[in-house]
Structures are given as C-alpha cells and as structure tokens.
Amino acid sequence: MDRLANVSRRIRAESIGPQVAALVVVLAGIGSCASPAPSRQEVPPAPIVLAGTEYAAPMLRAQILTFRELYPQADSIVLQPNGSAEGVEQLVNGEVDMALMLRDLTEPEVEAAVTKNGLRSFPIAWDAVAVVVHPSSPIQQLSRSELTQIYSGVLTNWSALGWSRGGEIMAITGGPRLGLYSFGEQALLADSGYSKSVYALDSEEEIARVVSERPNAVALLSRPFVTDRVRPLRVSAAIGFPYVPFERGAILERRYPLLRSLAVATPLKPRTSAADFITFVSSAEGQRIVARHGYAPATVPIRIVRTVEEGE
C-alpha cells in the first residue's frame, strides 16, 4: 500500500513539473515583451574648436561665455590658445573649426587654403601695435616712415633721430611664429623682409623684458603686453602728419596709425554653430565685448557700442 502511494506521488510530480516549467517560460516571455527596449543614447556633437592667440584669450572667452548664455542649444565652443601661425595651419589642415588671425594670409597659406577647398575670413576687431622704448629714453615719437627705415636697416643709430648719445638702435620684433612678425613685415616693410640686424624674439613677454633692460632698444609690442616697464611712443602716419598717442580713445576711434585687423577664419562651409557665433561677435552685443577689452569694433560704429553701454 505504501509502495503504491509513493509511485502515485512520483507520477503526479513528473506530470506537474513540465507544466510548471512551461508556465515559468510563458511568464518570462510575457515579462520580456512588456519591458521596453533600452533607448539608444544620443551622442552629443563634437565641440567647435577655436584656435586663438593667448593674448586675445580673455576677449574670446568672454564672447564664448555670453554666446552660450544666450544660445544654450548651440554646440559648445572650446578655445585653444596658441600662436597665430599655428592656428592658421590647424585650420587649413582641418584640425580646428575656427582660427583667430592677426594678419593677412601669407602666399603659402593662401595656396594651402585653396588646396584644402579655401577659407573665409570675418573681421571682428581692430587692435593697436605699440612702439615701445625704455622709460629713460628721450625719444618721444616716431613716424611710420622712420620705423620703416629702422626695421629695414637704413637707420641704425639714434643720433640720426636726435639722440646724440643713444648709440646703436636695437630694433626688436616678435619671432616668425608670432603674428607680430608678419604684421611688421606687412605694415612697415611691404613684405620685403626685416634687416638682419633686427632681433626677433620668441615671445612678447621676452620683448617687454629686453626693452625694460636696454635703454637703446625699440620694439613692436601688442597692446596687452604694454606695461609700466616700457613706454609707448606717439606715432604718426608719415613725417609731417600729427603724432597720435597710444591711448584707448585713439585706438577705439581708429586714429592710431599702427592698427591690425583681428579676424575669425573658417572653412568655406563652417558648422552652423560656428557661423552663429561669428554672427553674434559681429553684432552690437559682441562688439560691446570687443570694446570692453580695449579693441576697436570692426563691424559697428563706436558710437553704437557706447550707446549700448550707456543704456545699461
């Protein structure tokens, strides 16, 4: 009797087991059908890279910050400070999306840009290049004509400029990788090249330091590097023209003779957010930021910028 009961229980267990297993499989299948498939994460677009010179970085960062606040849906923009020449090379090679230019393109750069489907340039500001001397120097002013003679090697002694005890002129500019170097060639020498006697230093910090230590030195120097260690000269467009001081008002009104253009270069077909950023920088709001950092507006009159500032 007991043996029959055990056999009966075994038969029931064997018959129920497959049904339970099937039910578990069915329930598992129902559960998997009810759960939605995981959504695919959208990959954010790569940031737009703007190559810009270190000294212009504060103004560019202010532009980027305000642009992001006004247009939060735009692609992010990353500033990559470097030299002017490096930025242009990176843009031509497709390594960055935009580059800040402090000078005109050289012939090799134009040829490379054409080969790479070309570039577009958008002026956004003007900035002054100072002519600086040692604070003790008696020289107060120079004309562009005299600067041309100094950097071409025609004038080599301060006595020719009225400083009888000045001795040999130590003329200084930036190295070939700096925009300052090409600016001097284009603005003063008509691309004919510096005299072999001109010192080309690797950084503008070094230029300021050397001038502060050499009473017989004269140098080209970008505006942000002009400190109390050196003294900027008044400059005239030519001999016989008025000498204009290196002052904010003269720079903003573009009366100072040694001005250079700051332009943002892009490929012929820039990314949408890059084009939007340039449009913003060119607007009255963007040009107000330009003026606030000491540059002269390039796309709106200074009176409009001042009106916007007064309205605040």
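**Entry 1: aromatic rings**

I began with the rings and found that Phe67, Tyr71, Phe277 and Phe280 are linked by ring pairs into a cluster. I note here that I am reading a predicted model, and I keep that in mind for each entry below. Searching for such pairs, I arrived at a count of eight aromatic pairs. One of them joins Phe67 and Phe280 in a tilted arrangement, with 6.0 Å centre to centre and 45° between the planes. I then looked up where the two partners sit: Phe67 belongs to helix 2 (residues 57-70) and Phe280 to helix 9 (residues 272-282), so this pair ties together parts of the chain that are 213 residues apart in sequence. Both Phe67 and Phe280 are buried.

I also looked at Trp158 and Trp163, which form a tilted aromatic pair at 5.9 Å centre to centre, with 50° between the planes. Trp158 is buried, as its relative accessible area is 0%, and Trp163 also counts as buried, because its relative accessibility of 16% is under 20%.

**Entry 2: helix 9**

Since Phe277 and Phe280 both belong to the ring cluster, I next asked which residues of helix 9 are buried. I listed Ser273, Ala274, Phe277, Ile278, Phe280 and Val281 as the buried residues of this helix. Looking down the axis of helix 9, I saw that its buried residues fall within an arc of 160°, so they line one face of the helix. I recalled that an α-helix has 3.6 residues a turn, so residues three or four places apart point the same way. On the face of helix 9 turned away from the buried side, I found the exposed residues Thr272 and Thr279.

**Entry 3: charges over rings**

I looked for charged side chains placed over aromatic rings, and noted that Arg223 lies over the face of Tyr295, at 4.5 Å from the ring centre. I noted also that Arg260 has its charged end over the ring of Phe183, 6.0 Å from the centre of that ring.

**Entry 4: salt bridges**

How many salt bridges does a search of the whole structure find? I obtained nine. In one of them the side chains of Arg271 and Asp75 meet, at 3.1 Å from N to O. This pair links distant parts of the chain, for Arg271 is in the loop between strand 11 (259-267) and helix 9, while Asp75 is in the loop between helix 2 and strand 2 (77-81), 196 residues apart. I checked the exposure of both partners: Arg271 is partly exposed, with a relative accessible area of 28%, whereas Asp75 counts as buried at 18% relative accessibility.

Arg271 forms a salt bridge with Asp97 as well, the closest N and O atoms being 3.9 Å apart. Asp97 lies in the loop between helix 3 (84-92) and strand 3 (98-101) and Arg271 in the loop between strand 11 and helix 9, so this pair ties together parts that are 174 residues apart in sequence.

I looked up another salt bridge, in which the side chains of Arg255 and Glu253 meet at 3.0 Å, N to O. Arg255 is partly exposed, with a relative accessible area of 46%, and Glu253 counts as partly exposed too, at 38% relative accessibility. Turning to shared partners, I noted that salt bridges join Asp75, Asp97 and Arg271 into one network.

**Entry 5: nonpolar cores**

I then turned to the nonpolar residues and found that the largest core has 75 residues, with Tyr151 and Tyr256 making the most contacts inside it. Strand 4 (residues 119-133) supplies the largest share of this core, eight residues. Another core, of nine residues, lies apart from it and includes Val49, Val92, Val96 and Ala265.

For Tyr256 I looked up the contacts beyond its neighbours within four places in sequence, and among them are Ala128, Val129, Ala130, Val131, Leu233, Val235 and Phe246.

**Entry 6: two single residues**

Is Glu185 buried or exposed? I found Glu185 in helix 6 (residues 179-188), and it is buried, with a relative accessible area of 18%. Leaving out residues up to four places away in sequence, Glu185 touches Ala190, Asp191, Gly193 and Tyr194. Its C-alpha atom is separated by 9.5 Å from that of Ser152, which is 33 residues apart from Glu185 along the chain.

Last, I looked at Ala200, which lies in strand 7 (residues 199-201) and is partly exposed, with a relative accessible area of 37%. Residues up to four places away in sequence again left out, Ala200 touches Thr173, Gly174, Gly175 and Tyr181. Ala200 and Tyr181 are 19 residues apart in sequence and 7.7 Å apart in space, taken from C-alpha to C-alpha.

How values were computed
Residues are numbered from 1 along each chain as its sequence is written. This is a predicted model: local features need pLDDT of at least 70, side-chain atom pairs count only at pLDDT 80 or more; totals for chains, interfaces and linings use all residues. Side-chain values use heavy atoms; hydrogens and water are left out. Helices (H or I, at least four residues) and strands (E, at least two) are DSSP runs, numbered from the N terminus. Buried means under 20% relative accessible area, exposed over 50%, partly exposed in between (1.4 Å probe, protein chains only). Contact means heavy atoms within 4.5 Å. A nonpolar core is a set of buried Ala, Val, Leu, Ile, Met, Phe, Trp, Tyr and Cys residues joined through side-chain atoms within 4.5 Å. Rings of Phe, Tyr and Trp (its six-membered ring) pair if their centres lie within 6.5 Å; planes under 30 degrees apart count as stacked, over 60 as edge-to-face and the rest as tilted. A charge sits over a ring if NZ of Lys or CZ of Arg is within 6 Å of the ring centre and within 35 degrees of the ring normal. The arc is that of the directions from the helix axis to the C-beta atoms. A salt bridge is a side-chain nitrogen of Lys or Arg within 4 Å of a carboxyl oxygen of Asp or Glu.
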